[in-house]
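Got your viewer open? Here's a short tour that tells you what to select next and what you'll find there.

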Amino acid sequence: MSITKQDVELAAKLAKMKVSDEEATIYEDQLKELFTWVDELSAVNTDGVKLTNVNLAAHIRPDEPISDSARAEQLRNTFTDQEADCAKVKKVL
Amino acid sequence: MMTIEQIVSAINNGEKTAEQIVKESLAVIAQKNPTINAFVEVFEKDALAQAKAVDQKRARGEKLGPLAGVPVAIKDNILYKGHKATCCSKMLANYVAPYTSTVVERLLAADAVILGRTNMDEFAMGSTNRTSVYGPVKNPVDIERVPGGSSGGSAAAVAAGMVPLALGTDTGGSVRQPASFCGVVGMKPGYGRISRYGVIAFASSADQVGVLAANVKDTALALEVLSGKDVHDSTSLEAPVPAYTQQISQNLKGLKVGLPKGFLDGLYEDIKARLLAAAEQLKKLGAEVMEVDVPFAKYSAAVYYIITSAEASSNLGRYDGIRYGYADQTAPDLNAYYENSRAPFGLEVKKRIIIGTYALTSKRYEECFLKAMKVRELIRQDFKKVFEQVDVLLTPTSPVTAFRLGKGGKSPISLYLADLYTCPGNIGGLAGISVPFGKDKKNLPVGVQFYGPILQEGKILQAAYQLEKSI
């Protein structure tokens with residue numbers, strides 16, 4: 001699997017991270033080494049392998065509405081700034 | 001340092017007060033922490049208040065909890081309301097936990113005393129504890145060497161006798177490998193055994209809270225307190241928690257122990273010798289040791305790096321200056337806002353996010369991420385089959401012993417391979433424990449590891465306890 005500096009820059013952009021030119025060069029070298037090693041997986045025959053639930057015996061539960069008002073208040077109280085049953089968050093821009 | 005069992009007994013019998021025990025721990029921390037750097041913050045005032053509350057409870061004639069007065073350290077990625085939890089990252093430098101994790105709630109309910117938060121690799125990504133924003137931890141066995149990671153501070157705090165119990169987290173070996181490097185016991189229970197509510201996520205299909213203690217019995221006692229279903233964590237398992245402290249005293253007659261084929265190939269001679277000695281010892285204790293085949297387990301480390309990096313790239317998306325983390329409010333537009341706010345991540349964290357994002361791009365998704373997920377399935381099937389033949393597996397914990405701070409393990413691949421024997425546990429969701437079993441020629445601790453299937457923590461604790469007792 002070939003990795004280029006452009007691949008590193010694209011992944012960084014998708015992850016909304018700035019990487020300097022120097023960092024991109026370092027990551028390019030390290031990712032080349034890593035993905036060459038990871039390439040050993042391509043030798044494994046995975047034809048017909050079906051993915052099972054990652055959580056093994058645990059199950060992802062459906063969303064449940066919380067009607068416990070004490071819990072709602074407890075969650076609201078994790079915000080330092082509140083007004084009229086609403087949590088105030090900082091301004092973004 | 002007294003064991004947990006001794007502390008709880010001394011407090012219940014009135015030989016010592018919880019306040020005395022906590023003050024003794026604080027004195028050791030004051031003396032050793034400036035060199036070891038295991039604790040990044042000590043909650044002295046709160047710890048003393050908690051200790052006094054335990055003493056008052058006893059004075060009132062009330063029954064004390066199973067960890068009465070036991071000083072406990074928590075890794076810096078575990079939430080404790082009103083206290084900082086920074087993942088040893090500049091990104092969360094000012095983050096104060098708004099609620100308490102279930103593990104800390106359970107410790108407090110058992111009358112334990114939370115002493116402080118411990119050093120770690122940034123966001124639990126690393127196996128040396130060199131990527132912490134608070135600087136590296138020194139191994140108490142030899143301060144020129146690394147303690148392992150990422151729960152290096154927790155392992156060092158126990159090894160230095162600062163606390164008898166510490167919590168860590170283990171995504172690829174981050175409890176067991178530092179335990180092995182520092183000569184203490186480190187256990188990662190099976191996936192779902194302990195709640196992760198209030199534990200900062202790295203890779204959710206592999207993360208587990210683990211225990212570091214000076215001996216196996218103390219580990220078993222802590223696991224009894226920490227385990228069990230939690231309504232706040234849908235991945236926690238609905239299964240009764242056995243009395244591990246009783247289970248461990250059963251002898252090993254008839255226990256089937258598997259030695260995975262190929263795990264010893266190319267292994268550093270001293271570690272191989274200790275592992276074979278452990279196998280011999282188990283035979284003497286009545287266990288039946290046999291070679292078993294887990295052909296796909298050798299791919300665990302490669303699978304681990306793809307899957308955990310992919311999950312990290314998603315989990316760490318929340319550090320965007322809006323939901324969590326540093327915020328650059330001077331940015332001119334939204335893109336700059338995100339990019340500048342995510343700048344405090346360290347090099348290793350950024351690298352893992354890049355690896356994960358890359359593995360999930362449409363160009364690489366099938367050959368990287370999907371392939372790794374499929375191989376993971378084969379590894380799981382391997383373990384399922386092998387645990388139909390044996391009760392536990394015996395493996396090395398780490399292919400090396402603690403290396404020098406400034407030297408070994410600098411190449412990324414050599415660091416990834418440091419997790420060679422611990423990754424399979426996270427990829428397979430297994431329970432794993434590292435127990436010290438002698439030293440290498442440099443007089444450094446060597447750990448051996450037992451694996452058991454999900455919900456069979458008692459079996460590996462039993463094997464580890466009987467092995468430890470026989471030394």
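**Stop one: a loop in chain B**

Start with Cys88(B), which sits in the loop between strand E2 (71-75) and helix H4 (102-109) of chain B. Keep in mind as you click around that this is a predicted model. Check the backbone of Cys88(B): phi is near 50 degrees, a positive value in a residue other than glycine. Is Cys88(B) buried or exposed? Cys88(B) counts as buried because 32 other C-beta atoms lie within 10 Å, and the cut-off for that label is 20 or more.

**Stop two: strand E3 and its neighbours**

Now select strand E3 (113-118) of chain B. This strand is mostly covered, with 6 of its 6 residues buried. Which strands pair with E3(B)? Strand E1 (residues 39-42) of chain B is one of them: the two run antiparallel and are joined by 3 bridges. To see a matching pair, pick Glu41(B) and look across to Arg117(B), its bridge partner in E3(B).

E2(B) pairs with E3(B) too, through 5 bridges, and here the strands run parallel. Highlight Lys75(B), and you'll find that its bridge partner in E3(B) is Thr118(B). Next, trace the chain from E2(B) through H4(B) to E3(B): that β-α-β crossover is right-handed.

**Stop three: after E3**

Move on to the loop between E3 and H5 of chain B, where you can select Ala124(B). Phi of Ala124(B) is near 65 degrees, again a positive value in a residue other than glycine. Ala124(B) is buried, since it has 30 other C-beta atoms within 10 Å.

Stay in the loop between strand E3 (113-118) and helix H5 (152-159) of chain B and go to Ser150(B). What kind of peptide bond joins Gly149(B) and Ser150(B)? The bond is cis, with omega at about 5 degrees.

**Last stop: where the chains meet**

Finally, show both chains and look at the contact between them. How many residues does each chain bring? Chain B gives 41 residues and chain A gives 36 residues. On chain B, try selecting helix H10 (300-315), helix H11 (334-341), helix H12 (347-359), helix H13 (365-389) and helix H14 (412-417), since each supplies at least two residues of the side that touches chain A. Colour that side of chain B by residue class and you'll get 26 nonpolar, 8 polar and 7 charged residues.

Notes: Residues are numbered from 1 along each chain as its sequence is written. Chains are lettered from A and ligands numbered from 1 in the order in which they are written. This is a predicted model: local features need pLDDT of at least 70, side-chain atom pairs count only at pLDDT 80 or more; totals for chains, interfaces and linings use all residues. Two residues are in contact if their C-beta atoms, placed from the backbone, lie within 7 Å. Helices (H or I, at least four residues) and strands (E, at least two) are DSSP runs, numbered from the N terminus. Ala, Val, Leu, Ile, Met, Phe, Trp, Tyr, Cys and Pro count as nonpolar, Asp, Glu, Lys and Arg as charged, and the others, Gly among them, as polar. A residue is buried if 20 or more other C-beta atoms lie within 10 Å of its own, exposed if 12 or fewer, and partly exposed in between; C-beta atoms are placed from the backbone. Two strands pair if DSSP finds at least two bridges between them. A crossover is right-handed if, with the strands pointing away from the viewer, the path from the first strand over the helix to the second runs clockwise.
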